[in-house]
Number of protein chains: 2
Amino acid sequence: MSTEEAPAQQQQVKKPDEPPPAAAEGPQESAGGGGGSPAAEEKTLSNRALVLTGYGGYDKIKLQEKPLKSPQLQPGEVLVRVKACGLNFAELLGKQGLYELLPSPPVVLGMEGSGVVEAVGEDVKDRKVGDRVIAMNRSGMWQEWVVVPAQRTFPMPEEMSFEEAAALPINYMTAYMMLFEMANLRPGKSVLIHMAAGGVGVAATQLCQTVKDVTVFGTASASKHEVISQGGVTHPIDYRTKDYVTEIRKVSPKGVDIVLDPLGGSDTQKGFSLLKPLGILIVFGAANCVTGQKKNLFAMAKTWYNQLSLNTMKLMQTNKAISGFHLGYISDEELFERTLTSLLELYRQGKIKPRIDSCYHFEEVAEAMRRMHERQNIGKVVLLPEPKKKEEKSEVDAAENVEKNEAAVSEKKEEEEEEEVKAEN
Amino acid sequence: MSTEEAPAQQQQVKKPDEPPPAAAEGPQESAGGGGGSPAAEEKTLSNRALVLTGYGGYDKIKLQEKPLKSPQLQPGEVLVRVKACGLNFAELLGKQGLYELLPSPPVVLGMEGSGVVEAVGEDVKDRKVGDRVIAMNRSGMWQEWVVVPAQRTFPMPEEMSFEEAAALPINYMTAYMMLFEMANLRPGKSVLIHMAAGGVGVAATQLCQTVKDVTVFGTASASKHEVISQGGVTHPIDYRTKDYVTEIRKVSPKGVDIVLDPLGGSDTQKGFSLLKPLGILIVFGAANCVTGQKKNLFAMAKTWYNQLSLNTMKLMQTNKAISGFHLGYISDEELFERTLTSLLELYRQGKIKPRIDSCYHFEEVAEAMRRMHERQNIGKVVLLPEPKKKEEKSEVDAAENVEKNEAAVSEKKEEEEEEEVKAEN
C-alpha cells in the first residue's frame, strides 16, 4: 500500500498547502482543512524516496524524487508525513534479493516509520490531522510521504521522540511475540539472545527485564559488553573469541530455556543442543546467509545445508520445541494492534526504551546500511527523510558520493566481511 | 528401582507381620514398629506381579509370584503396598517391544500406582508408615509391593480414592506439562485434543477448563460424544465418519492454536496444517504405529514415512512451532514435584477429577489391555493387585483363562483391529 499504489477514488483529503521539503516541520497549518473535491484540487507533493533499483551493493539504492500527485485516500487510509524510519535486517536481505516478501525492484524500501498525520480518508474516526503516529507497511516507508491504512498507524506517547517511534515496531514486536506468544517466558527462565546489541537483541533484553529472575545470555563482540550489560544482559559472551556453547555450559550446565536464533545454519544446531527439556528454540532469521554485500551463494548453501532438520521422534526424545518466526508473514491485524498496544504501555511505564544507535539522512543510506551490515551498531539505526543541511554535508551530495565510492571499496569490504559472518545486528 | 533391584544394605525397615494377600486392606498394624536388625529379621513377602516375559500378544504378560525377601531399603526409599495401578499406552507399546525405556523382558510392568507406605528407609523425613501415597517409577509398579525413592511418592488428598490416585500421575502430568509448560495455554485459545476420551484426552480437557474461554475440539467415536461433551469438549468430532480437518475449519476457518498429537504419521501433518500462526503442535505419541496386537512393521513404516519433517525455513514462513513430549525422558525431579503439587491442588479445588473407566484385577490384565487397545475406554483403565474374589471369578483363574483363550481369538482380533487404527485411548 505504498503511495504509488493509492488509486484515485472517492476521498476526503486534507492537503498541506506547501509541498516539502520547505515545509519540513510539524503538521501543516492548512492540513486541518476540510476535504475538497479531489479532481479540482489536484496538487503534487515533492517526495524524496529511497528506491531499490536492482539487487546488489549499496549503489542499488537510489535517493529519487517520486512526486506524489494529489494523494487520493481510500476510505480508511491516512496520509503521513514521515519524520523517521527504521532500518532492519530485512532491507539488507532485500537489497541482495533474499527477502521474498519485498516486491521486485524498482521498489521503495522500508517497513516502519513515524510521522505526523496530514490527511485522513473517509471512515477514519480514530486518527486526525496532526496526530503523531507510528506507521508500518510491508514496504514503502522510506519516503517523505506515505499513504497507509489507519489501522497500521498507532498514536505515539507524548514523551516519545520520532526516532524512538521509528525504532520500536519491528524489533519490539518481533521480540515480544517470540518471548510471550511463542515461548512462554516466565520468572526464573533463561534466554540466549544472539546479536544482543542489535535491534531485536536490545528489545528482547529489555523485555526479559519485565519478568522476574530471568537470566539473559547475550552474544556480542567484547567492545559492546559494557553497554549490553547495563541494558540487562546477565552474561555477555564474546562469540568472536569464545565458543558460546562452552561459556553457557560453564554457567548453566543444563543449558537454557529459550534460544532466539537470528543466525540459522549450524548455530541453530548449537542452540538446539543447548536447550533444556521443555525448552524452545525460535529461528527468526538467517543472518549467516549474509556475509558480503551481495548475494553469496556459498554462504547460503552452507547455511541451508547446516540448517536443523528434525523429525518428530527426535523432538519427543528430547522434549524440545522448535519454531520459526517471521513478522512479515503475520497478517493478523488484531495481533499487531494488541502487541503494539502492550509495547506502548510498557514504554509509558518506563520499562522499555528503544536505544537509538545512530541517525542517518536519506542521502547517507549506504553508510547506515554498512553500519548495520558490519555490526557496528548498538541498538537501532534510524533514517531521516529530512535533507541533510548544507553545513552538515561534507560533500555536495553524500548519497551520490557514497555511490561513487561504493565500487572502489566494496571489493575490499567483501573480503573483510567474510570474516565477520556472525555478529550483532 | 523395582523391588528386585533393592540391594541389601544398611536400613531401617518396618515390615508387616503377615504376608499378603491375606493382609490386603490398609496399613498393617505391625507396620509402624521400629526398625530391626535386617539380617536377624529376614522375612519373605508374598508378592504377585505382572511380568512381561517377551514381546508379542497379551499372553506375554504373566501374573507371577515374585516373593520379596526382606526388602532392604536404601536411605531415602520407602516400601509401598500397592492398592491400584494405572494402565498406560506405554505398556501397550512395551508389550510389542516399541517402548525403548522399558528394560528387556522379563520385567515387571507399570509406571504409576497408589498405595500405603509400609516402611521407610533412613533419611526419609516427610513420609511415614501409613501414609496414603501416589507412587511413580520407570517400571515395576504392577505388583503388590514396591520399593521407590520417597521423592517419587506424593501424599494423596484425603478425599481421593486409590483408583483416582493411580489414574492421575502420568496422564495429568503429561497434559499439564504440554498445555502449560510447552504450549502457552491462555484465555481465548483453541486446542485440538485427539483421542479425547482417552486418559490424556480427559485430563487435557479438564485442564483446559481451568483457563477461561478455551475452545476444545476433541476427536472420539460418536458413542462417546455425550460423555466428552459433559467433560468439557466444545466440539466433539467423530473421526471415524468425518474428516476432522474439514470439521474444524467449518467452526474455525483459521484453525487452532494448540494441537496435542498422540498419533504421529500423517495426522501430524494434518495437525500442523491446522495450526494458526504462533500456534504449536506437540507430538507425544505414535499411536498410529500400534494397530494389531503385535508389532506391525507396515504400520510403523507408514507412520515413520509420514512423520512430519521440517526445516527451519518452513517454520519461519508459517510462524509455527512443533515440539515433542515424552514424560519418560524427563528426569527433572523438581519439575515432577512442582507439576504434581499443582495437580493435587487443582484436585482439592475440585477443578480436576480423574475419570475411572474401569478396574481390572491383575488376573484380568489381558482384558484391561484389550479394552484400551480397542479404544473402548472413556477415561482411565485401572489395575488392582488384590486377587479377584472367588465369587467374582467366572472361572478358576481368569488370567489363565485369558491366556488360553488368547491364541484362539487373537487372529480374528488382529483383523478387526486393523480397521481401528486411530481412536481414543
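Strand E17 of chain A and strand E17 (residues 321-324) of chain B are joined by three bridges and run antiparallel. Within this pairing, Ile322(A) stands opposite Ile322(B). The model in which these strands meet is a predicted one.

The contact between the chains extends beyond this pair of strands: 38 residues of chain A are in contact with 38 residues of chain B. The size of an interface is often given as the accessible area lost when the parts come together. Here, chain A and chain B bury about 3300 Å² between them, with 59% of it on carbon and sulfur atoms. On the side of chain A, the residues that lose the most area to chain B are Leu278(A), Thr312(A) and Met316(A), which together account for 20% of what that side buries.

Polar and charged groups also take part. Across the interface, 15 residue pairs are found in polar contact, both residues being at pLDDT 80 or more. The count of salt bridges between the two chains is four. Glu181(A) forms a salt bridge with Lys189(B), in which the closest N and O atoms are 3.9 Å apart.

Which elements of chain A give two or more residues to the side that touches chain B? They are helix H3 (169-182), strand E15 (275-283), strand E16 (309-311), helix H9 (312-318) and strand E17 (321-324). Of these, H9(A) gives the most, with five residues. By residue class, the side of chain A that touches chain B divides into 21 nonpolar, twelve polar and five charged residues.

Note on methods: Residues numbered from 1 in each chain as written. Chains lettered and ligands numbered in written order. Predicted model: local features only at pLDDT ≥ 70, side-chain atom pairs only at ≥ 80, totals over all residues. Heavy atoms only, no water. Contact = heavy atoms within 4.5 Å. Buried area = accessible area lost by both parts, 1.4 Å probe. Salt bridge = Lys/Arg side-chain N within 4 Å of Asp/Glu carboxyl O. Polar contact = N/O pair within 3.5 Å; in protein donor to acceptor, adjacent residues only side chain to side chain. Helix = DSSP H or I, 4+ residues; strand = E, 2+ residues; numbered from the N terminus. Nonpolar A, V, L, I, M, F, W, Y, C, P; charged D, E, K, R; others polar. Pairing = 2+ DSSP bridges.
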